[in-house]
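Good morning, colleagues. Please take a moment with the sequence and the structure on the screen before I begin.

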Amino acid sequence: FLKGKSAVITGSTSGIGLSIAKAFAAEGAAVVINGFGDAAAIEQERAGLAALSGAQALYDAADMTKPDQIAAMIVRAHDTLGGPDIIVNNAGIQYVAPVDQFPTEKWDAIIAINLTSAFHMMHAAVPYMREKKWGRIISTASAHSLVASPNKSAYVAAKHGIAGLTKTVALETATAGITVNCISPGYVWTPLVENQIPDTMKARNMTREQVVNDVLLDAQPTKQFVTPEQVAALAVFLCRDEASQITGANLSVDGGWTAA
Ligand code: NAD
């Protein structure tokens, strides 16, 4: 049902973003993938997405800390694919330390990548969506857009920011055929989660097994990780006509975490 539409998904060389790109391509969308990684592996994913959609698939290396590169990616998507009809603000990084030991450059990087890049994406893409009187803006927030955990000051601040940005832009675009929503997953098994295990082990003096069971899955009443495909399926639903009245929402996919 996304044939003829184009989607730009930030941070889509891995994890949740890549799953969303695949789910959109499976519905026929032309996609722009973005993020870092091995060039040959990225090219393989790009070619796979084009084959899956039967439409174009581009890779853009825009660094989410660089506003001019974000704007250029949106212009390139517009000039090459039309639209963009759908943008997904998904790129994100994590760093775990108590606030008094939190390096300032890590704070700045997390705010830039996890929050400010979403502003630059919307700033660049909303005019094109207004022109077509149709658009879907989806951000990957987090359960940490609703609740906090210790040692994640920058991440929790950025994700709460995404929730507020989502509501604000939803109000601004409410009569323009554009919806703006965020999805708030609990723990999803991706490299982002795997990579924070060593730091959490250090910060809390725990074994790997203790971090997985007592920290990660402790918060999740279902005691199961969310899958990237489950998040992607919700992103696809938000693009359907049936979802045209869902805007300004923060949708949890967290195994009951934020119900507790
Ligand atoms: P991931 O590490 O697998 O993917 C992150 C992606 O962002 C990668 O493609 C990476 O290359 C890209 N990226 C990082 N820095 C970038 C930059 N400066 N410019 C452009 N791209 C950059 O992580 P993931 O778990 O798939 O996370 C995706 C999103 O989901 C993030 O916003 C994260 O906060 C959010 N999230 C993840 C979980 C989880 O448990 N994994 C839970 C809730 C929310």
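**Helices, strands and the ligand shell**

Helix H4, covering residues 104-132, has 29 residues, and from its first C-alpha to its last it reaches 41 Å, close to the 42 Å expected at 1.5 Å a residue. I should state at once that this is a predicted model. H4 also contains a kink of about 40 degrees, and the centre of that kink is Thr116.

Let me turn to the surroundings of this helix. The buried residues of H4 include Ile110, Asn114, Leu115, Ser117, Ala118 and His120. Met121, Met122, Ala124, Ala125, Val126 and Met129 are also among the buried residues of H4. Against which elements do the buried residues of H4 pack? Two of the partners are helices, H3 (67-81) and H5 (153-172). The others are strands: E4 (86-89), E5 (135-140) and E6 (178-185). Just after H4, Lys133 adopts a positive phi of about 55 degrees.

Helix H6, residues 191-204, can be examined in a similar manner. Its 14 residues should span 20 Å at 1.5 Å a residue, and its end C-alpha atoms are 20 Å apart, so expectation and model agree. H6 nevertheless carries a kink of about 30 degrees, centred on Pro198. Just after H6 comes Asn205, with a positive phi of about 55 degrees.

I now move to the strands. E1, residues 6-9, and E2, residues 30-34, pair in the parallel sense over four bridges. Within this pairing, Ser6 stands opposite Ala30 in E2, and Ala7 stands opposite Val31 in E2. Ser6 and Val8 point one way from E1, Ala7 and Ile9 point the other way, and all are buried.

Why is E2 described as largely enclosed by the rest of the structure? The reason is that five of the five residues of E2 are buried; for this purpose a residue is buried if 20 or more other C-beta atoms lie within 10 Å of its own. Both faces are covered, with Ala30, Val32 and Asn34 on one side and Val31 and Ile33 on the other.

Finally, the ligand. Of the 30 residues around the ligand, Gly11, Gly15, Gly35, Gly92 and Leu192 come nearest. Which helices each supply at least two residues of this shell? They are H1 (15-26), H4 and H6. As to composition, the shell around the ligand divides into twelve nonpolar residues, 17 polar and one charged.

How values were computed: Residues numbered from 1 in each chain as written. Predicted model: local features only at pLDDT ≥ 70, side-chain atom pairs only at ≥ 80, totals over all residues. Expected span 1.5 Å × (residues − 1). Bend = angle between axes of the 7 residues up to and from the residue. Buried ≥ 20, exposed ≤ 12 C-beta atoms within 10 Å, placed from the backbone. Contact = placed C-beta atoms within 7 Å. Near = placed C-beta within 6 Å. Nonpolar A, V, L, I, M, F, W, Y, C, P; charged D, E, K, R; others polar. Pairing = 2+ DSSP bridges.
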